[in-house]
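User: Hi! I'd like to learn how to read the features of a structure, one at a time. Could you walk me through this one?

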Amino acid sequence: MDMYEKLEILAEAAKYDASCSSSGSGRSSSEGMIGAATPSGCCHSFTADGRCVSLLKILMSNACVYDCKYCISRRSNDFPRATFTPREIAELTIEFYRRNYIEGLFLSSAVVGTPDWTMEHMIEALRLLREEYGFAGYIHAKAIPGADPVLTHRLGLLADRVSVNIELPSEKSLVSLAPDKTKHNILEPMGLIKTGIEENCEDLVKYRHTPKFVPAGQSTQMIVGASPETDYHILHLTESLYKKYGLKRVYYSAYVPLQEDALLPSLDTRPPLLREHRLYQADWLLRFYGFEASEIIDPKKPMLHPEVDPKCSWAVNHLDDFPVEVNTADYEMLLRVPGIGVTGAKRIVRARRSQKLDFDSLKRLGIVLKRAKFFITCSGKTLQKLPETTESMLWAITSPNRMGGFTDYGMEQLSLFEPVLTGEVVRECLTGEF
Amino acid sequence: MPDRGILIFAYDGTFEGFLSAVFDSFSMKTIPADIVVFDDMEPSLLKIHYIETDFEHAKRVRTGIENKLGYTVLNMVEKAFLFDEEGKETAILRFIHKAFSEGRSIGSRIGDETVSTVYKMCVAVGNEAERHRQFARFSDSKGALISVIHPKHFVLPLIKNFFCARMKNETFMIFDAEHGAALIHTPKRTAIIPVENLEIPDCSEDRFYSGLWKNYYRHIAIASRYNPTCRRAHMPKRFWEYLPEVREELEEGFVPKLSFGTAEEIAAGIRNDFKNRLLEGETDGN
């Protein structure tokens with residue numbers, strides 16, 4: 001099997017991992033080394049589906065002993081198998097890196113033989129890359145659930161980020177769809193990494209030459225739409241992962257049906273992309289906007305609003321807190337205004353230190369007023385009359401975008417893309433329900 | 001007594017030349033109607049003041065800005081000067097005049113028109129630099145790495161540290177074909193030098209890894225999520241010429257070949273994309 005074929009198979013098998021960030025770590029190279037890691041990360045390409053490519057994302061092997069029902073590499077699937085040698089992985093990474101194709105390596109693997117064997121070989125590949133090839137760039141490695149804690153620790157010393165996929169949002173789904181994995185199996189390495197990072201932070205203060213342990217933190221991923229959990233469940237799980245395990249990121253991956261199974265959505269199901277998108281928006285609110293999961297979603301309406309983003313949805317239900325005066329409101333409140341993000345809020349805070357802001361100067365700051373105008377005042381003035389009820393506000397915000405997707409109006413024009421989308425298909429895509 | 005006639009400045013196009021122009025503008029107590037580079041000058045009836053690049057003057061202006069207005073303002077001036085469009089000099093000069101009359105806080109007054117013009121120039125230059133950190137690609141020619149870029153603005157000074165830090169022990173060159181300059185790095189030295197005509201070394205032998213990369217790229221797209229609009233938003237078409245993985249998609253009549261994507265799946269993807277665009281509302285100006 002030549003390199004082309006191997007890379008094809010092992011890239012194909014790794015592509016459903018959503019994580020591709022290269023941020024959160026800083027390292028420079030010294031004599032005889034290659035590569036550096038910058039805290040902000042860098043995306044070097046974008047796939048035809050619009051996802052960023054920042055790392056060379058491959059499996060070490062796809063010859064799996066497990067039989068997870070949703071997975072393309074499952075044991076019972078008749079599928080070509082391949083395995084990279086550690087040296088092949090190192091060479092490929094270095095040569096791609098030199099040409100500025102990638103920011104580093106994302107190494108995952110199917111479980112070959114035992115978790116320990118798999119982990120040992122992954123560690124060997126990373127050791128070769130770091131020590132022999134002197135690679136100082138970014139490495140993201142997957143910890144294999146069920147491997148010896150010592151191995152997880154060694155992996156953490158070589159990689160910038162380590163992740164353990166939680167796969168499915170509840171234990172029940174895990175039992176039915178991934179029978180070889182258990183909740184304990186997944187959470188154990190996560191806990192190990194968490195304690196490892198905490199101890200390392202202390203050691204770094206005490207001793208000068210302590211090697212860094214998982215400097216870019218850990219992340220996880222769960223599949224959305226393969227099992228019946230609601231957004232309410234998922235967001236609360238996410239929040240507790242951030243709080244209890246100190247995760248840097250939780251990734252969601254809209255379920256792409258690859259396998260026929262009675263327990264899974266049928267093969268012609270479309271991935272619930274909009275649902276995934278809304279979950280990411282909510283995730284951002286948790287991490288950067290100071291929201292709590294309980295503010296974003298309540299158990300009575302356990303799915304996120306398809307038509308407006310979660311922040312907007314929160315705002316229209318809390319009209320008492322608005323309008324916000326941009327010249328005096330604190331940063332935390334500015335962040336809660338729909339249409340104003342972290343960059344915008346920071347610019348406002350910076351600019352108002354030395355001048356009074358009006359709507360023209362907001363435009364000059366690059367603040368998009370399309371939605372924000374309904375929620376802010378500048379020196380007591382509004383840009384237009386503000387809607388007073390939740391319903392009228394919702395209508396005002398969404399009316400410029402009203403289109404066929406939600407009513408049957410305008411569907412005829414879509415005939416260019418046969419077969420015509422029916423209202424049902426659209427709703428399915430919106431809600432992610434099957 | 002300042003001269004009241006319409007006056008324009010002409011300088012040599014260098015940063016020191018521009019700082020000398022700033023010096024003259026202050027000593028003559030006037031803001032010229034325009035500042036042009038000698039080489040691009042058209043015959044004109046206006047009064048022209050020729051700036052002689054004076055390193056002493058330039059240094060005084062520089063330290064003046066740094067000491068009186070702070071590093072942020074100096075940084076803005078330096079960065080905005082890399083902006084490559086007509087009229088940048090006058091915009092920056094107005095900004096400097098305003099800064100000296102209003103003091104340090106000017107850097108944060110981005111709601112002000114004069115300041116926001118320069119601020120936006122800085123943002124544009126910064127974005128262009130980031131795009132080149134992302135999308136500049138190298139080819140290997142006998143161990144040396146070569147990259148040719150066509151940036152809108154003069155970004156070499158801004159991307160220098162990024163590439164030199166990661167490829168400290170390599171020999172590489174980034175040739176800016178738009179501005180006739182090259183960043184050349186060897187393990188011992190780094191320099192940005194003006195380059196007139198450059199014979200780009202032959203990199204045709206470096207097919208193996210770019211071929212592998214192209215093949216890899218083709219296999220990581222998920223057919224049922226196909227979304228060309230999203231890709232174009234993140235990776236504008238003007239960069240595709242740099243990128244081995246999508247270069248061939250620029251050719252006319254190209255049909256996307258996604259791994260295990262049948263025509264039907266792709267069509268479903270396109271419909272999805274169309275639907276998403278409707279849902280997202282204003283993407284792509286519709």
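User: What is the strand order of the open sheet of 3 strands in chain B, and which way do the strands pair?

Analyst: Happy to help, and please keep in mind that this is a predicted model. To read a sheet, list the strands in their spatial order and then look at the pairing. In chain B the order is β2-β1-β3, with parallel pairing. The strands β2 (34-37) and β3 (47-50) of chain B are at the edges with a single partner strand each, so one side of each has no neighbour in the sheet. From one strand to the next, the twist averages 30 degrees.

User: How many bridges hold strand β1 of chain B and β2(B) together?

Analyst: Strand β1 (residues 7-11) of chain B pairs with β2(B) over 4 bridges, in the parallel sense. For a concrete pair to look up, take Tyr11(B), whose bridge partner in β2(B) is Val37(B). A helix also packs on this sheet: α1 (residues 15-27) of chain B touches β1, β2 and β3 of chain B. The direction of α1 makes about 150 degrees with that of β1(B).

User: Now chain A, please. Which strands form its open sheet, and in what order?

Analyst: Use the reading we just practised. In chain A, 6 strands line up as β3-β4-β5-β6-β7-β8, and the pairing is parallel. At the edges are β3 (55-59) and β8 (249-254) of chain A, each pairing on one side only. Neighbouring strands of this sheet are turned by 20 degrees against each other on average, direction ignored.

User: Where could I look at one pairing inside that sheet?

Analyst: Try strand β5 (residues 138-142) and strand β6 (residues 161-163) of chain A, which run parallel and are joined by 3 bridges. There, His140(A) stands opposite Arg161(A) in β6(A).

User: On to helices. What describes two packed helices?

Analyst: The general idea is that a pair of packed helices is described by the angle between the axes and the distance between the axes. Here is a case in chain A: helix α3 (residues 115-132) and helix α4 (residues 149-158) pack at an angle of about 25 degrees, with their axes 10 Å apart. Angles under 35 degrees count as roughly parallel, and α3(A) and α4(A) are therefore roughly parallel to each other. The crossing of α3(A) past α4(A) is left-handed.

User: Which residues in α3(A) and α4(A) meet?

Analyst: From α3(A), the contact residues include Met119(A), Met122(A), Ile123(A) and Leu126(A) as well as Asp116(A) and Arg130(A). On the α4(A) side they are Leu151(A), Arg154(A), Leu155(A) and Leu158(A). By class, this contact of α3(A) with α4(A) has 7 nonpolar, no polar and 5 charged residues.

User: Are helix α4 of chain B and α5(B) parallel or oblique to each other?

Analyst: Read the angle again. Helix α4 (residues 88-102) of chain B and α5(B) pack at about 130 degrees, with their axes 9 Å apart. The two helices α4(B) and α5(B) are therefore oblique to each other. Their crossing is left-handed. Among the residues that meet are Ala91(B), Ile92(B) and Phe95(B) in α4(B), and Val115(B), Val118(B) and Met121(B) in α5(B). The contact of α4(B) with α5(B) has 6 nonpolar, 2 polar and 3 charged residues.

User: How many residues of chain B and chain A are in contact?

Analyst: For an interface, count the residues on each side, then ask which elements supply them. Here 53 residues of chain B are in contact with 54 residues of chain A. Among the helices of chain B that each supply at least two residues are α5 (113-135), α6 (156-166) and α7 (208-219). The most comes from α9(B), with 8 residues. By class, the side of chain B that touches chain A has 25 nonpolar, 15 polar and 13 charged residues.

User: Finally, what backbone details should I look up in chain A?

Analyst: Check omega and phi. The peptide bond from Phe322(A) to Pro323(A) is cis, with omega near -5 degrees, and Pro323(A) is in the loop between α10 (310-316) and β9 (324-325) of chain A. Asn100(A) has a positive phi, near 60 degrees, in a residue other than glycine. The place to find Asn100(A) is the loop between α2 (86-98) and β4 (104-108) of chain A.

Note on methods. Residues numbered from 1 in each chain as written. Chains lettered and ligands numbered in written order. Predicted model: local features only at pLDDT ≥ 70, side-chain atom pairs only at ≥ 80, totals over all residues. Pairing = 2+ DSSP bridges. Axes fitted to C-alpha atoms, helices over the stretch in contact; angles between N-to-C directions. Parallel < 35°, antiparallel > 145°, perpendicular 65-115°, else oblique. Left-handed = near helix turned anticlockwise from the far one by under 90°. Contact = placed C-beta atoms within 7 Å. Nonpolar A, V, L, I, M, F, W, Y, C, P; charged D, E, K, R; others polar.
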